[in-house]
Amino acid sequence: MEGVSSHNGIASPSHNKEHKKRKYVLGPDGKPLKGPDGHRIRVKQEPREQEISSGDAHHTKKHPKVKTEKRHSDVDSTHRNKSVKKEKHGEKRKHSESENGVKDKKKKTDRGDASPTKKVKKEETQEKWKWWEEAGQDKDNTIKWKFLEHKGPVFAPPYEPLPDHVHFKYDGKVMRLQPEAEEVMTFYAKMLEHDYTTKEDFNRNFFGDWRKVMTAEEKAHIKDLGKCNFVAVADYFKMKSEERKARSKEEKQMEKKNNEALIEEYGFCDWDHHKEKIGNFKLEPPGLFRGRGNHPKMGKLKKRLNPEDVIINCSKNSQIPKPPSGHKWKEVRHDNTVTWLVSWTENVQGQNKYIMLNPNSRVKGEKDWQKYETARNLKSKVGKIRENYMRDLKSTEMMVRQRAVALYFIDKLALRAGNEKEDGESADTVGCCSLRCEHIKLHKHLDDKDFVVEFDFLGKDSIRYYNKVPVLKQVFKNLSLFMEDKEGGDDLFDRLNTSTLNKYLNSLMDGLTAKVFRTYNASITLQNQLLELTDPEDENVASRLLSYNRANRAVAILCNHQRAAPKNFSEQMGRMNDKIRKKQDEIQDAKQQVKSAKSDYKHMKTEGKRKLYENKKKRVARLQEQLIKLEVQATDKEENKEIALGTSKLNYLDPRITVAWCKKYEVPVEKVYNKTQRDKFAWAIAMVDETYEF
DNA sequence: CCGCACACTTAGCAGTTTAGAT
DNA sequence: ATCTAAACTGCTAAGTGTGCGG
């Protein structure tokens, strides 16, 4: 049933109002672009091998430069102070302390105490609910709702057996499978082109699970994956998808309509009498588990869910969703201390999965807001905390020393906390506290720098973190000490784990945990970078956006948010450069024409000649404008090759910083936030002016 | 203390749609 | 009109952090 496909929201209107003049932005010769300060932009080299800038969050840099160069100067101890000063240096700071105070207060107290409960607004129409304007009523943080009603989940469409003419073959012979085994077979067939199917673990896991759903006869017959031929089946699905793409406008319209209807019916819930959007109301369909990185369970069968697997959570006095006929829910509960509407246990890893609200909902939005308030709170405490861990670097107690070093990493490099994981159950990845000796190398000297730590490990999603960082001498000494008499596979911080670390952090500041440092450092970096990179003189929106993207990029690099380079990247890049060159030639040519038109006009001072001359000049200007746009695009693209900006934008950057920047520099918010993002950050967009300071 | 269950946030990728170039 | 790249969305895996029971 093709029925379920995307229903995406409206695309952001791409306001095409590049107006006004700009100045430099980049060399007219197509050479690497320079920032306002003439700082040259890095050039990426080896594909996946790149270094991350030593990512000193406290040290604002012109560009998200990546390469190792520079950075010697601050073998630390001073960087804290620097950063503090840096914050001031823009003298832009509009004494927003007071403003912060107000906002904080509004927020905290609102949430906290008994401010008058506004009448519960019925959400009659499309009118978006401005929950952030409302006085918070529940002081009790553990109660998430008083009333919750929803229609339950949407199940995956049932399996449609293959038509008779589509054949799976075993050992060269056509073999018809029973629906259970056939369905699982199609999961594999659909992935035939994928890299996964070349992996031994994937194949073994798949084959094992596949055999579990076979009948006795099937099982007796199918003994070797190597003898299976899925090609015809794979082709069939390819054909189906072509077919789908080629459907008529009307059919596509129709499907869209149906989808919208589905969303209307299942995509919303009544949460304390507000109509709120649900994030994921469809249950995950069955398929083969695609773990990231070297996941031991890749290829295992993710089973089809039945109502009997599903727990419903809603108000007692609500319309309780009905299970499909002939079925029962696993359980219906009424737990208002949690935010999920539906949950189930996924069979591959045994984890719970949930249906929850969309990010634009009150419950998610408030949480997000709170997160940034906690991070801002850290801003005022961080100096003290840094002093603390500096001191602790020399503690006589090993655990304290380890804690200090770990904290130093988390703060300076924005590493994740690094909870321990059950081994063998998932890919071998680490964070700060779970670093092993083999993940770092110590260099007393390296490329002109002293006390360099070379990190090389796989982090979340098996994304490689590779970085060479000069550290404090004391940190360096401690690290050698921690590694004494240990093997590569031993924990670097053997006396430390995230829970003790977080407990300690919590004692320093309410709500402080390791991840707050990531949020804090990301946001403060954005703020600093924006201040530094935005040229007030240059009013061109395109170049301002480039500045924004660069600031964003600095954060992405700090947080190590990577992506696979787009397909055909170098070809694309080549094409862009061709275009630029062509444009340059055009400009040359146009300039010639201006010259001759000019002399023409000098010889014969007619109105016509003058017009011609003017027009030629205008053309040059227009072409130059286009050239700059192209060059900016090319630069942005090049710099962004393997950097993912979305994650930090969505999860780490206080949206109020961005909104304030937009207001200050008259950049329309929709240039930096698409529809979804504006929706998620509606609270920030509504409440902030250009004076906001993180 | 710990191990584990649970809830919730953060993450990259794939597929689809849209915009822009030719 | 057709092609291509960019933008966007959905998806779901993989983290973080809390709290509980032993």
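**Helix α17 and the pair α3 and α4**

Let me begin with what covers the buried residues of helix α17, because the list of covering elements includes α8 (362–392), α12 (514–533), α13 (541–558), α18 (669–672) and α20 (682–687), and 8 of the 10 residues of α17 (residues 655–664) are buried, so this helix is largely enclosed by the rest of the structure. Please keep in mind throughout that we are looking at a predicted model.

Which residues of α17 are the buried ones? They are Pro655, Arg656, Ile657, Thr658, Val659, Ala660, Trp661 and Cys662, and here buried means under 20% relative accessible area.

If you now look at the start of α17, you will find a side-chain oxygen of Asp654 that comes within 2.9 Å of the backbone nitrogen of Arg656, and Arg656 is itself among the buried residues of the helix. After α17 comes Glu666, which has a positive phi, near 55 degrees.

Let me turn to a second place, where helix α3 (residues 179–190) packs with helix α4 (residues 200–212) at an angle of about 165 degrees, the axes being 10 Å apart. Angles over 145 degrees count as roughly antiparallel, and that is why α3 is described as roughly antiparallel to α4. The crossing of these two helices, α3 and α4, is right-handed.

Which residues make this contact? From α3 there are Ala181, Val184, Met185 and Tyr188, while α4 contributes Phe202, Asn203, Phe206 and Trp210. When the residues of the contact between α3 and α4 are sorted by character, 7 are nonpolar, 1 is polar and none is charged.

How values were computed: Residues are numbered from 1 along each chain as its sequence is written. Chains are lettered from A and ligands numbered from 1 in the order in which they are written. This is a predicted model: local features need pLDDT of at least 70, side-chain atom pairs count only at pLDDT 80 or more; totals for chains, interfaces and linings use all residues. Side-chain values use heavy atoms; hydrogens and water are left out. Axes are lines fitted to C-alpha atoms, for helices over the stretch in contact, and angles run from 0 to 180 degrees between N-to-C directions. Helices (H or I, at least four residues) and strands (E, at least two) are DSSP runs, numbered from the N terminus. Angles under 35 degrees count as roughly parallel, over 145 as roughly antiparallel, 65 to 115 as roughly perpendicular and the rest as oblique. A crossing is left-handed if the near helix is turned anticlockwise from the far one by less than a right angle, and right-handed if clockwise. Contact means heavy atoms within 4.5 Å. Ala, Val, Leu, Ile, Met, Phe, Trp, Tyr, Cys and Pro count as nonpolar, Asp, Glu, Lys and Arg as charged, and the others, Gly among them, as polar. Buried means under 20% relative accessible area, exposed over 50%, partly exposed in between (1.4 Å probe, protein chains only). A polar contact is a pair of N or O atoms within 3.5 Å; within protein, one must be able to donate a hydrogen and the other to accept it, and residues adjacent in sequence count only if both atoms are side-chain atoms.
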